[in-house]
Amino acid sequence: MPVTIQTRHMGRFIDPWSYIALGAAGLVLLAFIVAQFFQKTLVSTTVSASEDEPAQLEAIQLSRQPIGALRIDVKALIPTNRWVTYEIQLFDQQGQVIASAIKEAWKESGTWYEEGESGSWSEEDTLGGLDVRAQKNEQVSIAVAVLEYGQISGQELDEPVQFKVTVQNGVVDTRYLLPGLIGAGSLALIAFMATPLSGKKAIAKTIRDSDPSGRGTAGGSDRLVRVKVDVKSDETSPRQLEVRLFINDAYGEQIYAHSLPMTLRYKKENGKVEEATGKVQAFFILEPRSSYGFHVEVMPDAPVDQTTLTVRDRTRTRQSVEVVQISPSPLDISENPQDQQT
Amino acid sequence: MLTKVLAATAVAIAVFTIIAGYTQRSALVLGEEKQRNYWSRRGTSLSGTYNENTTGTSGGVIWVPLPNRSSYGSFRGGGPSAGK
């Protein structure tokens with residue numbers, strides 16, 4: 001059967017879904033960056049509080065807002081080997097407590113000795129934080145109160161404690177965005193890795209030789225066929241092999257023959273080449289949908305240990321690829337310009 | 001098909017995390033009795049809950065300090081030497 005062979009660069013078989021997944025991850029990253037533009041620092045100050053006297057800050061007008069919350073971050077500025085239990089308090093206009101949260105802060109340092117070596121360590125957990133959201137417009141004032149203060153050695157102290165207080169409004173909770181970015185990003189990665197494996201396997205043949213063949217139903221006008229050849233060869237292989245690919249139609253008649261170069265990758269162990277692997281791929285639109293025979297010959301064949309031929313029907317691609325379109329030639333000879341010339 | 005499912009899941013994750021982050025679903029909602037989504041930051045725990053105001057005449061909710069609030073007294077530093 002006479003056929004027409006055309007080779008074209010095609011993007012119409014690109015799988016859009018992996019790009020949508022990537023876009024979702026990109027959106028989370030964008031949300032991460034944009035988040036900081038919504039926050040506004042209202043107060044950034046250092047205050048002093050003791051057990052008898054909490055530190056009071058100026059009143060803040062809160063309103064119901066669609067984005068972000070009021071974030072109060074308090075860092076206890078204590079000397080080393082001390083601990084402090086402090087409370088972040090919110091008062092309404094009548095002076096009633098409307099919210100409070102406790103942080104147990106500490107700061108320690110010391111030295112360590114181990115197997116003749118030594119060094120010093122310093123650790124602290126002094127930063128506390130509270131995010132609040134208002135349901136209605138209201139005025140709140142913030143206070144930081146010391147509940148207890150002491151030394152690691154056990155002695156309690158009755159001294160004022162310094163606190164660094166930062167109050168911001170419109171703060172976005174980024175604790176959600178990082179897992180969101182990792183989650184959407186890894187799904188996008190899996191989608192990209194899965195794209196070359198898409199479609200139905202029409203042929204999957206592995207032989208311990210260099211000339212696998214197989215026959216399967218594949219093709220159709222709107223379906224992409226992916227032909228993949230994987231080769232494993234021994235240490236005597238040259239850097240490049242030649243892969244000859246033949247396609248036969250339903251009657252066993254050869255309709256396509258092409259030679260593809262395959263560059264091998266050497267697997268080395270202790271500087272010695274143990275094995276070489278390589279793969280080539282080709283894409284086809286085979287018309288009509290029918291039974292096709294695929295035959296591969298790898299040259300030179302002496303070093304080839306194993307050859308795998310995989311044909312996937314209705315596959316998708318990551319990017320635009322070179323596609324060989326094989327379709328039956330029009331039967332009417334008068335329409336063939338080459339015949340007219342002779 | 002697989003990539004379609006992966007993409008749909010990725011979009012769902014992105015939409016949920018962006019909405020959750022931007023609307024601050026884990027923040028303390030002032031005057032709200034149920035704080036189901038509250039997620040404390042930097043080991044700072046709430047020291048009270050909102051209860052219905054049964055004593056006042058104005059109604060609404062009031063902040064009630066936790067009964068075990070005095071238990072903070074057991075904290076004597078949380079560093080390596082505290083034996084944790």
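A salt bridge here is a side-chain nitrogen of Lys or Arg within 4 Å of a carboxyl oxygen of Asp or Glu. By that rule, the count between chain B and chain A in this predicted model is two salt bridges. One of them is formed by the side chains of Arg41(B) and Asp131(A), with an N to O distance of 2.9 Å.

The salt bridges belong to an interface in which 50 residues of chain B are in contact with 68 residues of chain A. Between the two chains an area of about 4900 Å² is buried, and carbon and sulfur atoms give 61% of that area. Polar contacts across the interface of chain B and chain A come to 26 residue pairs, with both residues at pLDDT 80 or more.

Four elements of chain B give two or more residues to the side that touches chain A: helix 1 (2-23), strand 1 (28-29), strand 2 (44-46) and strand 3 (48-52). Helix 1 of chain B gives the most, with 17 residues. Sorted by class, this side of chain B has 24 nonpolar, 19 polar and seven charged residues.

Strand 2 of chain B also pairs with a strand of the other chain. Its partner is strand 6 (residues 97-114) of chain A; three bridges join the two strands, which run antiparallel. Within this pairing, Leu46(B) is the bridge partner of Ala101(A).

The loop that follows in chain A, between strand 6 and strand 7 (117-125), holds Glu115(A). Glu115(A) is not a glycine, yet its phi is positive, at about 50 degrees. Glu115(A) counts as exposed because its relative accessibility is 78%, and the cut-off for exposed is over 50%.

A second residue of this kind is Arg314(A), also not a glycine, with a positive phi near 60 degrees. Arg314(A) lies in the loop between strand 19 and strand 20 (321-328) of chain A. With a relative accessible area of 53%, Arg314(A) is exposed. Most residues other than glycine have a negative phi, and most peptide bonds are trans.

The backbone of chain A also has cis peptide bonds to proline. The bond from Glu287(A) to Pro288(A) is cis, with omega near -5 degrees. Pro288(A) sits in the loop between strand 17 (272-286) and strand 18 (290-299) of chain A. The peptide bond from Met299(A) to Pro300(A) is likewise cis, with omega near -10 degrees. Pro300(A) is in the loop that connects strand 18 with strand 19 (304-313) of chain A.

Definitions and conventions:
Residues numbered from 1 in each chain as written. Chains lettered and ligands numbered in written order. Predicted model: local features only at pLDDT ≥ 70, side-chain atom pairs only at ≥ 80, totals over all residues. Heavy atoms only, no water. Contact = heavy atoms within 4.5 Å. Buried area = accessible area lost by both parts, 1.4 Å probe. Polar contact = N/O pair within 3.5 Å; in protein donor to acceptor, adjacent residues only side chain to side chain. Nonpolar A, V, L, I, M, F, W, Y, C, P; charged D, E, K, R; others polar. Pairing = 2+ DSSP bridges. Buried < 20%, exposed > 50% of the residue type's maximum accessible area, 1.4 Å probe, protein only.
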